[in-house]
Amino acid sequence: SASSSEEGCHTVYPNPNSPASGYKVCLIDIVITGDGTINGASTWQPSSWWLCARLQLKSCGWRPILTYFEYVHRLTVNGSLTMKDPATGFMRLYGNVGTRVSGLTLRAPYFTRNTDGINVYGGFDSLLENSVVDNGDDCVSIVPTGEWIDGGDF
């Protein structure tokens with residue numbers, strides 16, 4: 001559900017770095033659960049994202065991220081969900097508050113380029129647990145602006 005403030009966003013507190021400003025959130029209580037596979041379907045075929053990136057061709061353009069969540073308050077992703085073979089990355093979490101990620105399996109061949117697992121950019125109160133990330137790049141990256149992040153059982 002979306003909040004009712006200006007442009008669908010509002011401010012939540014606290015922001016440990018700037019208590020007066022809080023954090024902007026635009027979606028609340030997003031839950032993704034269950035099992036199954038999300039397949040990015042990248043391969044080493046001539047028209048593939050991976051080959052284009054490996055050869056560093058300018059004609060590649062922008063490569064999509066498999067899942068992207070921005071400014072969500074209370075995001076939950078759990079279950080026996082598998083994601084595989086993304087063009088560039090599996091999951092980007094940007095400016096979220098109260099994120100819980102558990103039970104994921106993220107897989108891409110080890111020789112792929114920039115198939116980041118989970119990237120956390122800012123926000124706070126994030127828990128990443130009980131998951132497997134097996135790829136050719138960063139398994140989990142946390143940009144220094146994030147606070148209160150617990151990487152349990154990764």
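**Figure 1. Arginine 74 and aspartate 29 meet in a salt bridge.** In this predicted model, the closest nitrogen and oxygen atoms of arginine 74 and aspartate 29 are 2.5 Å apart. Arginine 74 belongs to strand β5 and aspartate 29 to strand β3, so the salt bridge ties together parts of the chain that are 45 residues apart in sequence. Arginine 74 counts as partly exposed, because its relative accessible area of 40% falls between the limits of 20% for buried and 50% for exposed residues. Aspartate 29, with a relative accessibility of 42%, is likewise partly exposed. The backbone of arginine 74 also deserves attention in this view, since its phi angle is near 70°, a positive value in a residue other than glycine.

**Figure 2. Arginine 100 and aspartate 125 form a salt bridge between strands β7 and β10.** The closest N and O atoms of arginine 100 and aspartate 125 are 3.1 Å apart. Arginine 100 is found in strand β7, which covers residues 97-102, while aspartate 125 is found in strand β10, so that the pair connects parts 25 residues apart in sequence. Arginine 100 has a relative accessible area of 32% and is partly exposed, and aspartate 125, at 29%, is partly exposed as well. For aspartate 125, phi is near 60°, which is a positive value in a residue other than glycine.

**Figure 3. Aspartate 134 and arginine 107 are joined by a salt bridge of their side chains.** The distance from N to O in this pair is 3.1 Å. Aspartate 134 lies in strand β11, made of residues 132-134, and arginine 107 lies in strand β8, made of residues 105-107, so the pair links distant parts of the chain, 27 residues apart. Aspartate 134 is partly exposed with a relative accessible area of 40%, and arginine 107 is also partly exposed, with a relative accessibility of 40%. A search of the whole structure finds three salt bridges.

**Figure 4. Four strands form an open sheet with parallel pairing.** The order of the strands across the sheet is β4-β6-β9-β12. Strand β4, residues 65-70, and strand β12, residues 140-142, are the edge strands, each of them pairing on one side only. From one strand to the next, the twist averages 10°. In general, the strands of a sheet pair through backbone hydrogen bonds, and the pairing may be parallel or antiparallel. Here, strand β4 and strand β6, which spans residues 89-94, run parallel and are joined by five bridges. Within this part of the view, threonine 67 stands opposite methionine 91 of strand β6.

**Figure 5. Threonine 88 is a buried residue in the loop between strands β5 and β6.** Strand β5, which comes before this loop, covers residues 72-84. With a relative accessible area of 15%, threonine 88 is buried, because this value is under the limit of 20%. When its neighbours within four places in sequence are left aside, threonine 88 is in contact with Arg63, Pro64 and Ile65, and also with Asn114, Thr115 and Asp116.

**Figure 6. Trp44, Tyr110 and Phe111 form a nonpolar patch on the surface.** Together, Trp44, Tyr110 and Phe111 have about 350 Å² of accessible area. Tryptophan 44 is placed in the loop between strand β3, residues 27-39, and helix α1, residues 49-54. With a relative accessibility of 31%, tryptophan 44 counts as partly exposed.

**Figure 7. Glutamate 129 and asparagine 78 are separated by 51 residues in sequence and by 9.6 Å in space.** This distance in space is taken from C-alpha to C-alpha. Glutamate 129 lies in strand β10, which covers residues 124-129, and aspartate 125, shown in Figure 2, lies in strand β10 too. The relative accessible area of glutamate 129 is 25%, and this residue is therefore partly exposed.

Methods:
Residues numbered from 1 in each chain as written. Predicted model: local features only at pLDDT ≥ 70, side-chain atom pairs only at ≥ 80, totals over all residues. Heavy atoms only, no water. Buried < 20%, exposed > 50% of the residue type's maximum accessible area, 1.4 Å probe, protein only. Pairing = 2+ DSSP bridges. Axes fitted to C-alpha atoms, helices over the stretch in contact; angles between N-to-C directions. Contact = heavy atoms within 4.5 Å. Patch = residues over 30% accessible without salt bridge, like charges linked within 9 Å, V, L, I, M, F, W, Y side chains within 5 Å. Areas by Shrake-Rupley, 256 points an atom, 1.4 Å probe, with all protein chains shown as cover. Salt bridge = Lys/Arg side-chain N within 4 Å of Asp/Glu carboxyl O.
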